[in-house]
2 protein chains.
Amino acid sequence: MKRPSRGFDDAEFAARCGKAQAAIKARGAGALLLTSEAEIRYFTGFMTQFWQSPTRPWFVVIPLTGKPIAVIPSIGVPLMRSCYTDDIISWASPDEHDDGITLVCDVIRQHLASGATLGMLMGRETAVRMPLADLFALQTALNGISFTDMTPDIQHIRMVKSPAEQAKLRYVCGIVSDVFDSVPSWVHAGMPLDETFRRFKIRALESGVDDVSYLVGAAGADGYGDIIAPPTTAPLAHGDVFMFDTGCVWDGYFSDFDRNFSIGTPSDTANDAHKKLFDATEAALAILRPGVTAAALFSEMDKILRPGKTTAGDDVGRYGHGLGIQLTEAPSHTAWDKTVITAGMALTLEPSIAYGNGALMVAEENVLVHEQHVELLSRRASRDLPVIDG
Amino acid sequence: MKRPSRGFDDAEFAARCGKAQAAIKARGAGALLLTSEAEIRYFTGFMTQFWQSPTRPWFVVIPLTGKPIAVIPSIGVPLMRSCYTDDIISWASPDEHDDGITLVCDVIRQHLASGATLGMLMGRETAVRMPLADLFALQTALNGISFTDMTPDIQHIRMVKSPAEQAKLRYVCGIVSDVFDSVPSWVHAGMPLDETFRRFKIRALESGVDDVSYLVGAAGADGYGDIIAPPTTAPLAHGDVFMFDTGCVWDGYFSDFDRNFSIGTPSDTANDAHKKLFDATEAALAILRPGVTAAALFSEMDKILRPGKTTAGDDVGRYGHGLGIQLTEAPSHTAWDKTVITAGMALTLEPSIAYGNGALMVAEENVLVHEQHVELLSRRASRDLPVIDG
């Protein structure tokens with residue numbers, strides 16, 4: 001597979017910011033304040049693992065016109081200079097008394113008359129990444145300016161992937177598909193689960209991903225029960241069903257799909273669960289096209305997984321989600337998410353099923369929606385549970 | 001090096017919670033609400049990479065007595081059952097109308113009479129991980145209950161590492177020291193920087209770390225200027241100074257140190273910068289013992305790095321920090337951080353220096369403070385800049 005180019009050109013960021021600016025205007029706001037990693041990266045291209053340090057706050061203000069304005073710790077200035085902004089205001093963070101609050105407040109006031117409205121991300125799947133005491137101080141300093149929630153606007157912009165974003169997603173999912181295909185050649189009964197994790201990570205890196213940001217999984221006799229835990233040191237045994245679920249990253253874009261395996265011939269119960277999950281993703285794929293809703297995808301899968309049930313949701317809460325620069329993005333395939341699917345959306349289909357004596361099985365595929373067809377980013381899982389050491 | 005055991009026994013969590021409960025009482029509060037990954041892990045042992053999904057909020061309430069109470073999405077219940085809590089309240093998140101707010105509110109009210117005070121993390125290095133609109137809804141629902149900031153209390157508890165925590169830090173730093181020592185045997189002129197990153201990650205995994213959570217670095221003729229960027233694809237060239245800075249993780253505990261190298265013989269300017277950084281860490285190590293302050297460590301390093309300067313800070317803002325379950329933790333070695341160092345603290349010493357034509361060099365060591373001595377967790381860097389292909 002041909003490796004796409006890294007980064008994006010300015011036209012990509014201009015288009016993203018232009019959409020945000022139309023939304024700011026439509027909300028009657030004067031600017032949008034961003035504090036979080038994904039959004040700051042999406043609108044400026046500022047990409048660094050340094051976000052793992054909780055010490056310093058980072059601010060980006062998107063005005064009604066022009067490029068974003070960065071108000072950031074000076075340690076980030078060299079990197080931000082290469083990003084989509086012409087206006088970088090910085091300070092030597094951490095500061096004892098004022099960690100950027102006065103600076104960002106000044107920028108906001110320059111773009112908003114008193115009495116005007118500031119766009120913020122306040123809704124589902126967002127969090128304000130700054131100390132709460134500083135946020136309250138900002139509210140006080142912005143006395144006369146009210147907040148308006150722009151979460152739905154920004155999520156809708158981010159949901160639709162540009163051709164350049166699609167290429168990155170296709171590339172990382174292709175690599176991870178190869179790694180999953182190789183699993184039966186190097187996982188065997190007797191190997192401790194944590195060792196399979198380590199080898200998976202090494203193989204994924206050798207195969208070309210930048211990072212194995214997310215790898216969870218589980219194994220258990222005839223099934224597993226936990227799908228977010230770190231691995232145990234228990235060796236895989238004949239009769240185990242085991243699962244890897246990984247979010248690998250290339251140039252900041254995530255894959256997010258899993259694969260299930262059986263060590264030796266599986267029980268009919270376990271294999272039936274796997275077939276039902278396959279059938280559920282088939283059912284979703286059969287209706288997936290621009291114009292259907294996330295709720296319809298949920299409903300179509302739920303009919304297969306829990307025939308006759310009419311209540312919404314299950315213990316996992318949803319059957320998939322959006323995919324992009326975060327492991328999970330909007331929308332959510334739930335009974336209540338009425339998001340209309342459009343061309344350019346990258347989605348996971350992630351049905352789960354309870355079976356046997358408290359076991360849980362999850363399947364996941366990654367897809368890209370086009371006007372006339374649906375593209376599988378993940379190489380399709382088999383209907384039967386794949387067997388290792390059969 | 002002997003591998004420590006994974007996880008912690010209940011006594012460890014009981015001790016942590018006991019300290020928090022004493023602080024809650026001292027603040028006149030009735031409970032402490034936690035929403036963030038590091039704190040929820042610290043007090044319950046709940047460890048999962050699933051935090052990378054921004055979809056679901058997670059709540060833990062520490063009451064005045066007894067174990068923490070978890071109010072969490074049902075997808076986390078199996079893992080939380082293995083953690084330090086006897087009381088798990090869950091819901092099928094994401095929920096359309098109420099993503100845990102009513103549930104967590106009920107728990108808080110059970111532990112607080114109206115008019116009482118709820119401990120929150122509102123200060124430096126913290127952020128409330130839930131939608132702002134939900135936080136405002138929680139404030140409204142908790143009408144009559146006020147928030148008190150417990151950031152300093154919780155940071156002071158976390159700063160002092162137990163013997164079990166120390167063993168994990170020692171182990172991961174030992175592995176990373178080996179990986180750094182191996183660098184001159186496999187990095188050579190002509191290798192693209194991103195390829196050195198990929199190989200570093202694979203080597204670290206092969207050597208036993210669980211994850212290479214953080215790897216940044218840079219290279220440039222006679223010096224680099226950016227210390228948080230992802231790698232470029234430019235091949236290393238003779239005359240380059242280059243740097244890896246990594247936060248590797250074992251059982252949830254971070255290393256955080258870097259190493260600088262020269263491709264071919266370095267210039268005197270670059271080598272002098274490296275020697276000054278070494279001398280700065282030596283000066284800090286010479287005074288480091290229980291009773292000194294973080295500010296004193298800053299001052300001692302700054303005297304070497306910027307002789308004659310009296311203003312605080314520089315563009316990097318600090319010369320090191322705490323280390324543990326996050327890449328960076330409190331305290332900060334700045335002119336103003338009066339935190340008193342005590343036995344059990346894990347710290348980085350991270351001086352930086354500007355030299356030549358806009359170049360920056362950063363050195364970093366990881367140390368553990370004991371009553372009678374300081375233990376180097378990272379294998380000491382050499383005073384002279386190490387040479388590759390010399």
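Which strands of chain B does H1(B) lie across, and at about what angle does H1(B) run to E2(B)? The points below take up this question and then turn to the sheet, the chains and the domains of this predicted model.

1. Helix H1 (10–26) of chain B lies across strand E1 (31–34), strand E2 (59–63) and E5 of chain B, and the helix runs at about 70° to E2(B). Helix H2 (residues 37–44) of chain B lies across E1, E2 and strand E3 (69–73) of chain B, and H2(B) runs at about 50° to E2(B).

2. The strands just named belong to an open sheet of six strands in chain B, which, read across the sheet, follow the order E4-E3-E2-E1-E5-E6 with mixed pairing. Strand E4 (87–91) and strand E6 (146–149) of chain B stand at the edges and have a single partner strand each, so one side of each is left without a neighbour in the sheet. On average, and with direction ignored, neighbouring strands of this sheet are turned by 25° against each other.

3. One pairing in the sheet can be followed in detail: strand E5 (residues 117–120) of chain B pairs with E6(B) in the parallel sense, over four bridges. In this part of the sheet, B:Gly119 stands opposite B:Thr148, which lies in E6(B).

4. B:Asp9 is found in the segment before helix H1 (10–26) of chain B. Is this residue buried or exposed? B:Asp9 is exposed, because 11 other C-beta atoms lie within 10 Å, and a residue counts as exposed if that number is 12 or fewer. The C-alpha atoms of B:Asp9 and B:Leu205 are separated by 26 Å, and the two residues are 196 residues apart along the chain.

5. Where the two chains meet, 59 residues of chain B are in contact with 59 residues of chain A. On the side of chain B that touches chain A, helix H3 (77–80), helix H5 (132–141), helix H8 (193–207) and strand E7 (211–221) of chain B each supply at least two residues, and H8(B) gives the most, with five residues. By class, this side of chain B has 27 nonpolar, 20 polar and twelve charged residues.

6. Chain A is divided into domain 1 (10–154) and domain 2 (160–388), and the C-alpha centres of these two domains of chain A lie 34 Å apart. The contact between them takes six residues from domain 1 of chain A and six residues from domain 2 of chain A. Helix H2 (residues 37–44) of chain A gives the most to the domain 1 side, with three residues, and by class that side has three nonpolar, no polar and three charged residues.

Conventions
Residues numbered from 1 in each chain as written. Chains lettered and ligands numbered in written order. Predicted model: local features only at pLDDT ≥ 70, side-chain atom pairs only at ≥ 80, totals over all residues. Domains from an automatic or database assignment. Contact = placed C-beta atoms within 7 Å. Nonpolar A, V, L, I, M, F, W, Y, C, P; charged D, E, K, R; others polar. Buried ≥ 20, exposed ≤ 12 C-beta atoms within 10 Å, placed from the backbone. Pairing = 2+ DSSP bridges. Axes fitted to C-alpha atoms, helices over the stretch in contact; angles between N-to-C directions.
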